[in-house]
Amino acid sequence: MEFTDKYMSHEHIEQYRLASESVDPLSVSPLTISTKQKSPRSPKSSPKSPRSPRSPNAGKQSKQSGSPGGSPLKNQKHSNSGKDGRPKKGGYGGKGTWGGLLDIEDDHYVDPNDPNYVSDEEDKNFAPRTPEKLQEFKKKATIIVEEYFANDDLVSTCNELRELEMPSYHYYFVKKLVSIAMDRRDKEKEMASILLSSFYGDAIDPQQVYKGFQKLVESADDLIVDILDTVDILALFISRAVVDDILPPSFLTKTMAYLGKDSKGIDVIKRAEKGYLSAPLHAETIERRWGGNRNKTVEDLKVKINDLLVEYIVSGDVKEACRCIKDLNVPHFHHEIVKRAIVMAMEKKQAESSLLYLLKRASEVGLINSSQISKGFGRIIDLVDDLSLDIPNAKVLLQSLISKGASEGWLCASSLKSLSLHPGKRAIEENTIKAFKKKSESIIKEYFLTGDISEVSLCLEFENSSYIPELNATFVKRLITLAMDRKNREKEMASVLLSSLCFPSDDVVNGFTMLLESAEDTALDNPVVVEDLALFLARAEVDEVLTPQELEEIGSQFSGVNSVGNKVIQMAMSLLKARLSGERILRCWGGGGSSINGWTIEDVKDKIGKLLEEFESGGDKREACRCIKELGMPFFHHEVVKKTLVILMENKNERLWSLLRECFEIGLITMNQMMKGFMRVEECVDDLALDVPDAKKQFESYVARAKVEGWLEASFGVKGTEDKLENGFC
């Protein structure tokens, strides 16, 4: 009997062949389909596997088989009922059956829309095409991004993105948004960053954001063809995403692992890691790079935080409070929200439950991360002694709040410092420390006036006759804190006094540890606290007040990569590893250490003047930068800015402006030092007008250029003569 199209189609023959090839050859002997007349098969050649009961030749084969063993279907039992005995839902499973590969029904047809359908006319090795949905999404995503940059409407943009109903392609939206913004002005770059932080976890899934940035890094080689500064801009976008907590810091190392050696993506990752995220106070600097948050001072933020918490206590609207927190767009400052909320809960018992619920809700939705919550509680633990003056049972209340937060799962109590619950035992020590702080402050201020080290030593012996270690550590902290708020003369005097008092090394270590623990609060008032503390630590090691091992011991207590304490330690170690570090550190504040005269301020000014004159006359830019760096006085770089501007106004030599640009781009002169330099010129611009008639006009033009270059904040403006400081100097 012949197999014809009437019984078996071409598609079924092909499917049968493929199924036969995929069967384990050890368990099933191969079957062949022939279009010729079949010959009777011996028992040896008959297939071991049963044929489908609906196969056309199943019954015939059973009759023709004459072997003693009988057909494999001999013992197969069939139901006499009218029910179909095939597997349910047309499946191919079931014990003792292969299913329906050869099943032929009258209504059988080949569905071209079947994902397994392959046309005979098409090549078997065809390549799959890009899904039409992705192409459609790409077109619409581009339109949405362009409209957002035109109208700056986050709500409508969010609605349009959701209406596409393609969340699996949102990574392309992230990529398209950033790639378009990279070729636009700073305004669009800032808008793109705000949109990503606003949509994160809400309109766009975190995994899609992660994947979108991965795609951007992978396409850096293509982007650089059209955008020459792709490496710097994309690195800044990644850094901003890390600061805004929409990318984990591990993104850098994980992405670096699979990039090719020659990929521009590696340069992007390195620039983000070493150029932006490792810089002191990088969060504030990155957020202000494109003009964002320039009008937000720390005091303004504290007022807004206080207002939103007070409003929340009255209204009880958690969603509105969370929206206000998100609108502040300062994820690195959320610890202040935690701190103020806990203090309010301690002051107002009736508001305790609602404030704790707000913190719990903000933690659950990822608005305030665990590190910011721990940091906020840590700040309160440090201030609990002062809070006890206004809230008598502050320690007991704080311990109760910590226990509630830990039991609800939004606070990690093990990450907090220990809190003593024995106020009676600590009362005398606290009073002693407070009294000693006041007396030590007057001793230090008198020393800054007289410079009498022996008098300080006698006063300390009288005030700390019992040689209490805590008091020595408190004096070290107070000495350096007061010196950091003063000029280089007082800083030099503080280092000389510290090396002369011969405190036990453990007391000095504890004093510096206390300084680093409070460094983040100090940074709110002193932007260069990292540089100052690093120099004090390095100077203490050079003066042999601290040993290298003790410096490492201090550093081991600040393992957080982004903590201010860790940055201080790293900077101090880098200063100590530099060439001729000992001599430079001894002269960092104009002295030579241990009362030995070193460079005076006039010497430094003279050196700066000479190197600028040499550069103006045709010197090399790199050599000039090297000379500025070798001065070893980063806190005095505002003098370089000031002298450069004065020479520019006098001689109008644009080469000097290019020197400032180079110094800023390589991080040699910080924005803070630029600001100081321009402010000093502003103070004496009227005196300069005596020699340079258009000095004020030139200065205004240089200020405008500096803002465009990104050296100055937009709020920096030319003051009128009535606001000029009377004690300004040139």
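Mentor: Let's start with a word we'll need: a residue is buried when its relative accessible area is under 20%. Keep in mind that this is a predicted model.

Trainee: Okay! How many of the 14 residues of helix 15 are buried?

Mentor: Go along the helix and you'll meet buried residues such as His-334, Glu-336, Val-338 and, further on, Met-346. The helix is largely enclosed by the rest of the structure, because the number of its residues that are buried is 12 of the 14.

Trainee: And how far apart are the end C-alpha atoms of helix 15?

Mentor: Helix 15 covers residues 334-347, and at 1.5 Å a residue it should span 20 Å. The model agrees with that, since the end C-alpha atoms are apart by 20 Å.

Trainee: Let's zoom in on His-335. Which side chain does the side chain of His-335 make a polar contact with?

Mentor: His-335 sits in helix 15, and it is buried because its relative accessible area is 7%. Leaving out residues up to four places away in sequence, His-335 touches Gln-372, Lys-375, Gly-376 and Arg-379. The polar contact, at 2.8 Å, is with the side chain of Arg-379.

Trainee: Now cysteines. Why does Cys-322 form no bond with Cys-324, and what is the distance between their sulfurs?

Mentor: A disulfide is a covalent bond between the sulfur atoms of two cysteines. To count here, the sulfurs must be within 2.5 Å, and the structure holds zero disulfides. The closest cysteine sulfur to that of Cys-322 is in Cys-324, too far for a bond at 9.3 Å.

Trainee: Is Cys-322 buried or exposed?

Mentor: Cys-459 has a relative accessible area of 22%, so it is partly exposed. Cys-322 has 14% relative accessibility, so it counts as buried.

Conventions
Residues numbered from 1 in each chain as written. Predicted model: local features only at pLDDT ≥ 70, side-chain atom pairs only at ≥ 80, totals over all residues. Heavy atoms only, no water. Helix = DSSP H or I, 4+ residues; strand = E, 2+ residues; numbered from the N terminus. Expected span 1.5 Å × (residues − 1). Buried < 20%, exposed > 50% of the residue type's maximum accessible area, 1.4 Å probe, protein only. Polar contact = N/O pair within 3.5 Å; in protein donor to acceptor, adjacent residues only side chain to side chain. Contact = heavy atoms within 4.5 Å.
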